[in-house]
Amino acid sequence: MNHFYVWKFKSWKRWLLLPSIALLTAILLWVNENGSFSVFSKEESVALTKGNSDEPNIGLTFNISWGEERVLDILNQLAEQEVQATFFVSGEWAERHPDILKEISEGKHELGMLGYRYKSYLDQELDQVRKDLHYAREVFRKLGYKDITLLRTPSGHFNKEVLELAKGLGFKVIHWNINPNDWKNPGTQAIVDTIMKQTTNGDILLLHASDSAKQTANALKTILPGLENKGFKFVSITELINQAHAESELVE
C-alpha cells in the first residue's frame, strides 16, 4: 500500500510558501546545471558523452575489436605528436594481441574495454551482458590490467538497464559526440573536415584502430597538429571526468 503525506497550511501561509518553493527550486536547478552539486542522493545512471565545455580539453578515443595492422600506424602518429589517447578494446582482441596491448599501455595511453565479444548489448539478454562484462574483466586481470573501469558498449548500443548494470559492476560508460565514421573510409579529407569543423571544448572524439579503418592514420597527420593549433589539449577520459565541472549526459 502506498502512503502519501499531505501538508496543510492556513491560507496566508500557503500563499507565502509557494513563491519560496519556486525560488528554491530555481536555485537548485541552476546549481545542478552548472555542475556544482546535485541535491539528489541517488544519481541517475548515465553515459559520459561530453566533458566540460568551459575548458579546451578534449578526449581522443579509439575502438579496436579486430586486426593488428592499423593500430601500429596510429600509435606511431600519436607518439610523433606526443598525444595521449584512450583505447577501448574488446577482451577477445586483447587475448589475441597482448603485445600490442602492452605497447598501448607503455605509450602512456589509457585503456578501456568494449566488453569481451563485440556484439551489441541490445541484442543480448541482460544476464548475457553481465556474463560478458565479468568475463572481459577477468581477461584483462589475467593480462595484468586490474583497474579498468571505463566501458564503451559495443557499437555504442545501450539502454537504461545496461547503464544500471554497468554502474552496479563499477564501470563508467563512455560514449562520444564527435564521430567521422572513419571505419567506413569516407576519404582522409572527409575525416579531417568532420573533426576540424565540429570539435569544441570538452568533446569526446570517436575513431577506430581496427583494420577496417584504412584512412585514420593518415588523417591524424592533419588532425593532431590542427586541433592543437586551435588551442585544444588532448587528455585521457579519466582526466576529462575528473575535471571540476565535467558533465555526465544521458544519451537516449
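What joins the side chains of Thr86 and Glu110? A polar contact of 3.1 Å does the job, the term covering a pair of N or O atoms within 3.5 Å where, within protein, one must be able to donate a hydrogen and the other to accept it, and where residues adjacent in sequence count only if both atoms are side-chain atoms. The model is a predicted one, so local features need pLDDT of at least 70 and side-chain atom pairs count only at pLDDT 80 or more, while totals for chains, interfaces and linings use all residues. Residues are numbered from 1 along each chain as its sequence is written, and side-chain values use heavy atoms, with hydrogens and water left out.

Thr86 sits in strand 3, residues 86–89 (strands are DSSP runs of E, at least two residues, and helices are runs of H or I, at least four, numbered from the N terminus). With 0% relative accessibility, Thr86 counts as buried (buried is under 20% relative accessible area, exposed over 50% and partly exposed in between, using a 1.4 Å probe and protein chains only).

Now for the rings. There are 2 aromatic pairs, meaning rings of Phe, Tyr and Trp (its six-membered ring) with centres within 6.5 Å; planes under 30 degrees apart are stacked, over 60 edge-to-face and the rest tilted. Phe62 and Phe87 are stacked, at 5.0 Å centre to centre and 20° between the planes. Phe62 belongs to strand 2 and Phe87 to strand 3, so this pair ties together parts 25 residues apart in sequence. Both Phe62 and Phe87 are buried. Tyr116 and Tyr135 meet edge-to-face, with 4.6 Å centre to centre and 65° between the planes.
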